Structures are given as C-alpha cells and as structure tokens.
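This report covers the fold and strand pairing of one protein. The sequence and structure come first, followed by the description.

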Amino acid sequence: TPQDPPPPTPPPTETPTPTPEHTATPQIFTGEVGRESNCRVGPAGNYELVATFAAGKVVEIVARDLGGGYVVVRDPEAPAAECYMLANSLKTSAEFTALPQYTPLPSPTAAPGYTITFKKFDVCKGAPFAVFIIENTGSVPFRSAYVRVQDLKVNKTEEHVLNAFDQYTGCIIAKNIAPLNGGQSGFLISPFFKGWDPRNNKLRAVFSVCTEKNLQGTCVNQIVDIKP
C-alpha cells in the first residue's frame with residue numbers, strides 16, 4: 001500500500017538577540033576650592049562644622065540649596081558625607097541649574113545679626129579715626145569684620161580688616177574682645193585717616209561682619225552714615 005510522504009520539517013525559529021538599552025551616564029559636577037573654606041551641615045555659620053577644605057581641593061557638587069548662595073558638595077575621599085559651602089568659594093564652569101535643590105535642616109540657632117552705631121572720633125598719633133559700637137543680636141559668635149569708610153565730601157576712602165572687636169583709647173587697646181559672642185557688645189574702628197581730617201564731613205561706613213576669621217563663614221552687611 002502506498003504510504004504518504006512525511007510532513008516537511010519546519011525551518012528552525014531564530015530567537016532575536018535583545019538590543020541593550022542605552023543608559024545615560026549621569027553628569028558629575030566638580031569645583032576647585034578657591035580659598036580655605038568651611039563646610040557645614042546647613043547653609044550658615046551656626047550649623048555644625050563637617051570639614052574644612054584647603055585651597056585647591058576638588059569636590060563634587062551634588063545639589064543647590066533653596067537660596068543664600070550655598071551649594072551641597074561631597075568629598076570624593078569621603079563620599080558618604082555631604083555638606084554646605086558657599087558657591088563663590090568654588091572655581092567651576094558648571095551651570096548649577098541642572099542640579100537638584102535641597103531643603104536644609106532647620107537652623108539650630110538664631111541667624112547671625114548685629115546692630116552698629118557711631119560713637120565718636122578718636123585720635124592716634126595725630127590721625128583721627130571713627131569708633132563704632134557693635135552689639136551681637138544673635139547667638140552665633142562673630143570673629144572678623146571688614147570696615148570701609150568713605151568721605152563723601154572729598155571722595156576719599158579708607159578700609160581694613162579686623163579679627164577682633166577691641167576697645168581703643170587713642171593708640172592703646174583698652175579691652176580685648178575676640179570673638180564677639182551672642183548678646184555681647186564690642187567695638188569697631190575705622191582705619192586711621194592720614195593726610196586729611198574727615199571729622200567735619202559726611203561719611204559713609206560699610207561693614208561686613210563674619211562668623212569666621214579673615215572674612216570667612218557667614219557675613220552680614222550694614223551701612224551707617226555719619227553726618228557732621
């Protein structure tokens with residue numbers, strides 16, 4: 001009896017090779033510390049200090065805060081720790097707009113603040129200088145100040161940096177005050193005016209008082225006008 005031919009063998013089915021998905025490499029922002037800078041758990045000088053970075057240190061920038069000019073950085077040698085430092089302390093060409101924003105922890109103490117008033121003029125070796133009284137109205141110590149006084153009549157300016165809030169009598173330090181603690185009063189003096197006497201002219205004094213020495217940390221600015 002004739003037999004039917006066997007059914008044809010189906011061709012082998014090829015299993016397609018999966019195409020790997022492309023994963024974008026996250027961009028890493030870095031910055032070089034321009035000068036020795038403190039890095040804290042929050043964006044102000046009253047937060048706990050985490051690290052102090054030397055000039056030239058390269059750190060990774062991971063986030064922005066919600067204001068105040070700070071960025072959140074990470075030390076590549078200690079990546080588990082993140083902290084806040086001032087953005088203008090970093091040298092970088094990166095645009096921070098692509099970074100996420102962090103909401104900082106509540107401030108542990110009152111924000112730095114002070115009041116300052118003109119007291120009088122004094123003289124040291126024939127050179128007059130202005131004396132101001134400063135009161136620390138916050139709870140964070142101040143450790144340095146920048147003082148610039150402009151004579152608006154003759155358009156001359158003198159400026160200097162102080163790392164203490166000492167009381168002067170003439171050329172003599174009558175009382176050493178450093179740092180200026182919360183609730184404490186101290187003194188700031190202008191540079192000595194050499195070559196002219198500004199005491200009968202209108203003056204404008206600009207102050208920047210900072211929580212760390214040499215104008216580092218958090219700085220608070222004020223302007224005081226002195227009228228003859």
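A contact here means heavy atoms within 4.5 Å. The model is predicted. Among contacts in the protein between residues at least 6 apart in sequence, 58% join residues at least 24 apart.

The protein has 16 strands and zero helices. Of its 228 residues, 37% are buried. Its accessible surface is about 13500 Å², and carbon and sulfur atoms account for 52% of that area.

Four strands make up an open sheet in the order β11-β10-β15-β16, and their pairing is antiparallel. β11 (156–162) and β16 (216–226) are the edge strands, each paired on one side only. On average, neighbouring strands in this sheet are turned by 10° against each other, direction ignored.

Within this order β15 is followed by β16. β15 covers residues 203–212 and is joined to β16 by nine bridges, the two strands running antiparallel. In this pair, A205 lies opposite V224 of β16.

Another antiparallel pair consists of β8 (residues 114–124) and β9 (residues 127–136), with ten bridges between them. Here F121 faces A130 of β9. The two strands, β8 and β9, form a hairpin with two residues between them. K125, in the turn, has a positive phi of about 55°.

The two pairs are listed below.

| Strand pair | Sense | Bridges | Opposite residues |
|---|---|---|---|
| β15 and β16 | antiparallel | nine bridges | A205 and V224 |
| β8 and β9 | antiparallel | ten bridges | F121 and A130 |

Definitions and conventions
Residues are numbered from 1 along each chain as its sequence is written. This is a predicted model: local features need pLDDT of at least 70, side-chain atom pairs count only at pLDDT 80 or more; totals for chains, interfaces and linings use all residues. Side-chain values use heavy atoms; hydrogens and water are left out. Buried means under 20% relative accessible area, exposed over 50%, partly exposed in between (1.4 Å probe, protein chains only). Accessible areas come from the Shrake-Rupley method with a 1.4 Å probe; for residues, only the protein chains shown count as cover. Two strands pair if DSSP finds at least two bridges between them. Axes are lines fitted to C-alpha atoms, for helices over the stretch in contact, and angles run from 0 to 180 degrees between N-to-C directions.
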